[in-house]
Amino acid sequence: MKSSKDYSFCELREKEVVNTVDGRRLGHIIDIAFTCTGQIFGLIVPAGKKLLKSIGAGDSLFIPWRNICKIGSDVILVELGGTAVNRLSAEEENVAQ
């Protein structure tokens, strides 16, 4: 039987998110997206200018749950290629909530 650990949002937001494809640090989780049935759909991290220069400071990146590789003791490893990165504008983020 595989053991799994349950995490609270407070625990997850303390962990840094790192992309395994290019080694970039994406920051810390600022929000979690859920489906209408209560399943986690993905994580939202801030989109800094270091990651994508064309995105404004109010934008965020959406990381689909299927792209999460591992949740460790201090880091969350994700696998994001160029097409897997989805950006959310501040307006879209408010609608999603």
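**Sheet, core and surface patch**

Strands β6 (68–71) and β7 (residues 75–78) run antiparallel and are joined by 3 bridges, where strands are DSSP runs of E with at least two residues, numbered from the N terminus, and two strands pair if DSSP finds at least two bridges between them. This is a predicted model, in which local features need pLDDT of at least 70 and side-chain atom pairs count only at pLDDT 80 or more, while totals for chains, interfaces and linings use all residues. Residues are numbered from 1 along each chain as its sequence is written, and side-chain values use heavy atoms, with hydrogens and water left out.

Sheet
- A hairpin of 3 residues connects β6 to β7, and Lys70 stands opposite Leu77 in β7.
- Strand β1 (residues 16–19) runs parallel to β7 through 4 bridges, with Val75 of β7 as the bridge partner of Glu16.
- The open sheet of 4 strands has the order β2-β1-β7-β6, with mixed pairing.
- Because β2 (25–28) and β6 stand at the edges with a single partner strand each, one side of each is left without a neighbour in the sheet.

Core
- The largest nonpolar core (buried Ala, Val, Leu, Ile, Met, Phe, Trp, Tyr and Cys residues joined through side-chain atoms within 4.5 Å; buried means under 20% relative accessible area, with a 1.4 Å probe and protein chains only) has 14 residues, and those with the most contacts inside it include Val17, Ile63 and Val78.
- At least two residues of this core come from each of β4 (40–46), β5 and β7.

Surface
- Trp65, in the loop between β5 (60–64) and β6, is partly exposed (between 20% and 50%), with a relative accessible area of 35%.
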